[in-house]
Amino acid sequence: MEIIICPDVDSVGRVAAAKVAQVVADAGPQAVLGVATGSSPLATYEHLAKLVEAGSLDLTQARAFALDEYVGLPEGHPESYAAVVRRTVTEPLRMDPARVQTPDGCAADIAQAAKDYERQIRDAGGVDVQVLGIGGNGHIGFNEPGSSFASRTRIKTLAAATRAANARFFPRADDVPRHCLTQGLGTIMDAREVVLVAQGAQKADAVAAMVEGPVTASCPGSLLQFHEHATIVVDEDAAVHL
Ligand code: GLP
């Protein structure tokens, strides 16, 4: 793991975006991105958008796979991850919408949708660079504490803490879906590069557990200690327990 501590959120985004852009430059125009939702990677996407606007990054032929999706939220729902990814990634990074995918959380057969998603990632040649955030309980994607290190894309029940954290995006706390489709920890570990961003004091415990704690399913992010090319970019508040 390479740990980079930055003075503020904007520099976290700038450093993480530079790392992603470097991988894309090495992988070529058809690079495959893995993208996370949540507030953590927004500064990274903003800096990637600046590189696109400046003409130093072209993602028109690149592909992207989202980490996860709520089960049962229609794609048109503004908080579905399909909609969030379109707003925060596809449009500002001028990507081809046909090349950006999210798991199908509304499929009649969710288990099949999970298998199909794994196959699509494999058929694309795997993920070149996976952008990640981390939950306050150490989750990555929606792999809650206790998730198997070997897990692949599957349906998961959201932890109460995660539903509470995400209630801010919905009119009522009870509107937060109870299930999600998420890439597994095994899926995430297959990415050739991982760039995880975290900021704010509310992430400090999870960051310390991920970076300096034991590798344990109690903190799914700690599995990244075994990844050969993981870069962790955090601000000073999130790094306070390191
Ligand atoms: C969400 C997502 C994760 C994200 C995490 C942290 O629910 N499924 O991909 O990394 O929780 O979210 P945030 O960045 O908003 O703190």
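**Exercise 1. Determine which residues of helix α7 are buried, and which elements these residues pack against.**

Solution. The buried residues of α7 pack against β1 (2–6), β9 and β10 (230–235), where helices (H or I, at least four residues) and strands (E, at least two) are DSSP runs numbered from the N terminus. Packing rests on contact, which requires the C-beta atoms of two residues, placed from the backbone, to lie within 7 Å. Helix α7 covers residues 204–212, and its buried residues are Ala204, Ala206, Val207, Ala209, Met210 and Val211. A residue is buried if 20 or more other C-beta atoms lie within 10 Å of its own, exposed if 12 or fewer, and partly exposed in between, with C-beta atoms placed from the backbone.

Two conventions apply throughout. Residues are numbered from 1 along each chain as its sequence is written. The model is predicted: local features need pLDDT of at least 70, side-chain atom pairs count only at pLDDT 80 or more, and totals for chains, interfaces and linings use all residues.

**Exercise 2. Compare the span of helix α2 with its expected value, then describe the surroundings of the helix.**

Solution. Step one concerns length. The expected span of a helix is 1.5 Å times one less than its number of residues. Helix α2 (residues 42–53) has 12 residues and should therefore span 16 Å; its end C-alpha atoms are 16 Å apart, in agreement.

Step two concerns burial. Ala43, Thr44, Tyr45, His47 and Leu48 are the buried residues of α2. They pack against α1 (9–27), α3 (81–90), β6 (129–132) and β9 (193–198).

Step three concerns the end of the helix. Gly55 follows α2 and has a positive phi, near 85°.

**Exercise 3. Which residues does UniProt list for "active site", and what surrounds His139 and Glu144?**

Solution. The unreviewed UniProt entry lists Asp68, Asn137, His139 and Glu144 under this name. UniProt positions are given in the numbering used here, feature names are shortened, and annotations may be inferred rather than shown by experiment.

His139 lies in the loop between β6 and β7 (154–157), and Glu144 is found in the loop between β6 and β7 as well. His139 counts as buried because it has 27 C-beta neighbours inside 10 Å. Glu144 counts as buried because it has 22 C-beta neighbours inside 10 Å.

Residues up to four places away in sequence are left aside in both contact lists. His139 touches Glu144, Pro145, Thr162 and Pro220. Glu144 is in contact with Asn137, His139, Lys156, Ala159 and Thr162.

**Exercise 4. Identify the chain segments that meet at helix α6, starting from Leu185 and Gly186.**

Solution. Helix α6 covers residues 185–189 and contains Gly186; Leu185 also has its place in α6.

Leu185 counts as buried because 23 C-beta neighbours lie inside 10 Å. Leaving out residues up to four places away, Leu185 touches Asn143, Ser147, Ser148, Phe149, Ser151, Pro220 and Leu223. Its C-alpha atom is 6.5 Å from that of Arg152, 33 residues apart along the chain.

Gly186 is partly exposed because 17 other C-beta atoms lie within 10 Å. Beyond its neighbours within four places in sequence, Gly186 is in contact with Phe149, Ala150, Ser151 and Arg152. The C-alpha atoms of Gly186 and Ala150 are separated by 4.6 Å, although these residues are 36 apart along the chain.

**Exercise 5. Examine the backbone and the environment of Arg94.**

Solution. Most residues other than glycine have a negative phi. Arg94 is not a glycine, yet has a positive phi of about 50°. Arg94 lies in the loop between α3 and β5 (100–101). With 13 other C-beta atoms within 10 Å, Arg94 is partly exposed.

**Exercise 6. Assess how compact the protein is as a whole.**

Solution. The protein has 7 helices and 10 strands. Its radius of gyration is 16 Å, close to the 18 Å that the globule rule gives for 242 residues, so the protein is as compact as a globular protein of that length. The radius is taken over C-alpha atoms, and the rule is 2.2 Å times the number of residues to the power 0.38. The C-alpha trace spans about 40 × 40 × 35 Å along its principal axes. Buried residues account for 47% of the 242 residues. Among contacts between residues at least 6 apart in sequence, 79% join residues at least 24 apart.
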